[in-house]
Every structure is written in C-alpha cells, then in structure tokens.
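Reader: I'm new to this one and would like to know how the labels get decided. Can we go through them together?

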Amino acid sequence: MYANVNGVKLFFDVEGLQFVPDGQEMKEKPVCFVLHGGPGGDHTHFMPALSPLAEIMQLVYIDDRSCGRSERVDINTSSIKQNVDDIEALREYLGLDKIFILGQSYGGFKAQKYIIDYPEHLYGAILACTSPNADDIDNARIAEHVKEYGNEEQYRIWTSNAVATGEVTFSEYMEIMGPLYHGKDKFDLKEAIDSNMRGIKTDEVVQHQMLGELASMESFNMIPGLKEVDLPCLIMCGERDFITDYEANKDIHEAIRNSEFHVLKDASHEIFADYPEIVFPIIEEFVNKNFK
C-alpha cells in the first residue's frame with residue numbers, strides 16, 4: 001500500500017487487525033509503527049520474526065523514502081529528521097491519534113527522533129539494539145567488539161571492508177560474519193541469506209547517511225533531546241551486540257527518565273529472531289501497561 005506524504009509515495013504494509021471479536025464486543029488493539037534498520041534497508045527484515053506481535057498490536061511496517069518499495073527521490077532528502085516527518089505524516093494520513101513505535105538498529109535512531117519531536121502522539125516506544133549518537137557507532141569501537149566476540153577471520157573481514165572491495169561475495173560475508181549478529185548457536189545461514197535476498201537494499205542511502213549525518217556528533221546526537229522526554233520507553237539489547245553495544249543502549253536508558261531496560265544474556269543484534277520467547281512477553285506486558 002502507498003500513501004502520498006511530503007511529496008513522496010511512501011510504501012507501508014499492515015499485519016493484524018485493529019479491532020478483533022471479543023464476545024459481544026469488538027476489542028481494540030493499539031497500532032504500532034515498525035521502523036526498519038539500515039540506513040538503506042527495508043521492512044522485510046522484520047518478517048516473519050515480528051508476526052507474533054500482531055496478536056497484541058496492529059503492525060504498520062514502513063519503508064523509508066528511497067528505500068524498499070517507496071518512491072526514489074532526491075537522495076539529499078534522506079535523513080533521520082525527514083524520515084521521522086514522513087512517519088508523522090503517515091500517522092496523520094491514516095487518521096490515527098496515538099500509536100506505539102518500534103525501532104531496531106537504525107530504526108531505533110528514527111524512533112528516538114520521533115520520541116523527541118512527536119511525544120504527544122505516542123503511548124510508548126520500543127527501542128531495540130540501537131544507539132543514541134555517532135560516538136556509540138564509531139567503526140573503531142565496533143572493530144574492537146568484533147575482535148572480542150569474533151575470530152581472526154571475522155576481524156579481518158570487518159576491518160578490510162571485504163564486501164565493498166570484492167574480496168568476498170555477500171553470501172560469503174554472511175557465512176563468515178553472520179554468527180556475530182546472532183546469539184550463541186542461533187545463526188541460521190540459509191535464513192540469513194534468504195532474508196537478505198528478499199529485502200531491497202539501497203546502497204546510495206547507506207553511503208549518503210553513513211558518510212554524512214551519522215558520522216558526526218554534531219549531526220547525530222539524540223541524548224540532549226532524550227533528556228527532555230517523559231514517555232514510557234522500553235529499551236532492549238543483547239549483551240554481546242557488536243554494532244550497537246550495551247553501553248549505547250544504556251546511554252539511552254539513562255537519558256530517558258521513564259524507561260525500562262532489559263539486557264539479554266548471550267544475545268547479539270537480532271534479538272527478535274533469536275529470543276522471541278523472552279522478548280515478546282516483555283513487549284506484551286509493556287504494551288498492556290501503557291495502552292490507555
């Protein structure tokens with residue numbers, strides 16, 4: 001489905017009903033906007049991992065402008081702020097009052113900005129495996145985690161940028177590096193390759209944002225804004241996440257005074273796929289407590 005907002009044809013898809021039969025009544029479920037990672041990724045990465053959440057919320061998956069199935073527009077308009085303004089315009093387009101918002105990784109960057117700019121339209125926010133600023137995703141810091149959690153080959157592949165140079169194919173990269181994204185003994189190579197083949201990755205957006213606003217504390221630092229937030233927020237991360245580490249997520253928790261923080265033992269970056277039996281009950285309790 002598409003919505004024309006802010007001069008762009010934005011793709012979104014819906015999973016689950018907003019109203020469900022409950023005896024002689026129709027029971028309302030909250031709506032949750034799901035924000036994909038990247039930058040330059042798309043919503044399909046969440047599928048089918050998040051589908052169980054459609055039992056407690058209506059999920060609205062959104063592809064950023066110039067990403068996934070959304071319209072390609074001027075790459076210079078791709079930014080966290082513009083993506084968040086597009087999300088807000090979609091909320092208005094759909095006639096929704098308050099929603100939940102869920103963001104993982106780069107999706108969490110957008111979710112934090114939405115929390116700061118549009119708190120009045122939120123019941124609460126779910127932030128997973130994310131970071132509040134450029135320092136927390138510094139490449140040297142990530143490389144140290146690869147050295148700590150990985151092996152010599154993984155460290156060499158990461159630090160040499162082997163996919164970009166053509167030293168390895170993407171499938172080879174996933175076979176070597178994939179286990180680092182997942183909890184202990186949770187990595188499924190076939191599913192990882194299938195998931196990435198299903199998705200639509202936009203390299204131009206990756207380069208534009210990673211080399212632009214995400215590279216500098218001046219342009220990417222949510223902490224000052226988060227300190228002004230008074231909103232229910234659920235923050236979750238893996239203790240072995242090498243990209244958006246424990247300290248990054250802890251920084252968010254300490255900045256938002258009305259937040260709760262859960263750290264998953266042995267987990268890495270893909271907590272929804274790896275530990276649904278732990279993560280989804282936590283989310284359900286949070287949603288039930290804050291859907292008013």
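Author: Happy to. Let's begin with a cut-off: buried means under 20% relative accessible area, exposed means over 50%, and partly exposed is what falls in between. Keep in mind that this is a predicted model.

Reader: Why is Asn 6 called partly exposed?

Author: Asn 6 has a relative accessible area of 46%. Partly exposed covers values between 20% and 50%, so 46% puts Asn 6 in that class. You'll find Asn 6 in the loop between β1 (2-5) and β2 (8-15).

Reader: What makes the phi of Asn 6 worth a remark?

Author: Its sign. Most residues other than glycine have a negative phi. Asn 6 is not a glycine, and yet its phi is positive, about 50 degrees. Asp 185 is another non-glycine with a positive phi, about 60 degrees.

Reader: Where is Asp 185, and how do you know whether to call it buried or exposed?

Author: Asp 185 sits in the loop between α6 and α7. Its relative accessible area is 85%. Exposed means over 50%, so Asp 185 counts as exposed.

Reader: What makes the bond between Lys 184 and Asp 266 a salt bridge?

Author: Here the cut-off is 4 Å between a side-chain nitrogen of Lys or Arg and a carboxyl oxygen of Asp or Glu. For Lys 184 and Asp 266 the N to O distance is 3.7 Å, and their side chains meet in a salt bridge. Lys 184 is in the loop between α6 (170-181) and α7 (189-198), while Asp 266 is in the loop between β10 (259-264) and α11 (271-274), so the pair ties together parts that are 82 residues apart in sequence. At 46% relative accessibility, Lys 184 is partly exposed, and Asp 266, at 23%, is partly exposed as well.

Reader: How many salt bridges does the structure hold?

Author: There are 15. Some are linked up: Lys 81, Asp 85, Lys 113 and Asp 117 form a network.

Reader: Which residues does Arg 91 pair with, and how do you know?

Author: Arg 91 pairs with Glu 88, where the closest N and O atoms are 2.7 Å apart, and with Glu 92, at 3.9 Å from N to O. The limit is 4 Å, so 2.7 Å counts for Glu 88 and 3.9 Å counts for Glu 92. Arg 91 and Glu 88 lie in helix α1 (residues 80-93), three residues apart, about one turn of the helix.

Reader: Why are Arg 91 and Glu 88 called buried?

Author: Buried means under 20%. Arg 91 has 5% relative accessibility, so it counts as buried. Glu 88 has 4%, so Glu 88 counts as buried too. Glu 92, by contrast, has a relative accessible area of 52% and is exposed.

Reader: Why is Lys 29 said to have no salt bridge?

Author: Lys 29 is buried, and the nearest side chain of opposite charge, Glu 55, is 6.0 Å away. A salt bridge has to be within 4 Å, so 6.0 Å does not qualify. Lys 29 does have a polar partner: a polar atom of its side chain lies 3.1 Å from the backbone oxygen of Leu 17. You'll find Lys 29 in the loop between β4 (25-28) and β5 (31-35), and its contacts include Val 20, Ala 54, Ile 56 and Phe 291.

Reader: What makes helix α2 mostly covered?

Author: Nine of its 12 residues are buried, among them Phe 109, Ala 111, Tyr 114 and Ile 115. The helix runs over residues 106-117 and reaches 17 Å from its first C-alpha to its last, close to the 16 Å expected.

Reader: Which residues have the most contacts inside the largest nonpolar core?

Author: This core has 41 residues, and Phe 33, Ile 62, Ile 80, Ile 101, Tyr 114, Ile 115 and Phe 220 have the most contacts inside it. Ile 101 touches Phe 33, Ala 111 and Tyr 114, among others.

Reader: How do you know that the bonds before Pro 39 and Pro 48 are cis?

Author: By omega. From Gly 38 to Pro 39 omega is near 0 degrees, and between Met 47 and Pro 48 it is about 0 degrees. Pro 39 is in the loop between β5 and β6 (58-62), and Pro 48 is in the loop between β5 and β6. Most peptide bonds are trans.

Definitions and conventions:
Residues numbered from 1 in each chain as written. Predicted model: local features only at pLDDT ≥ 70, side-chain atom pairs only at ≥ 80, totals over all residues. Heavy atoms only, no water. Core = buried A, V, L, I, M, F, W, Y, C linked by side-chain atoms within 4.5 Å. Buried < 20%, exposed > 50% of the residue type's maximum accessible area, 1.4 Å probe, protein only. Contact = heavy atoms within 4.5 Å. Helix = DSSP H or I, 4+ residues; strand = E, 2+ residues; numbered from the N terminus. Expected span 1.5 Å × (residues − 1). Lys, Arg positive; Asp, Glu negative; His and termini not counted. Polar contact = N/O pair within 3.5 Å; in protein donor to acceptor, adjacent residues only side chain to side chain. Lists of a residue's contacts leave out its neighbours within four places in sequence.
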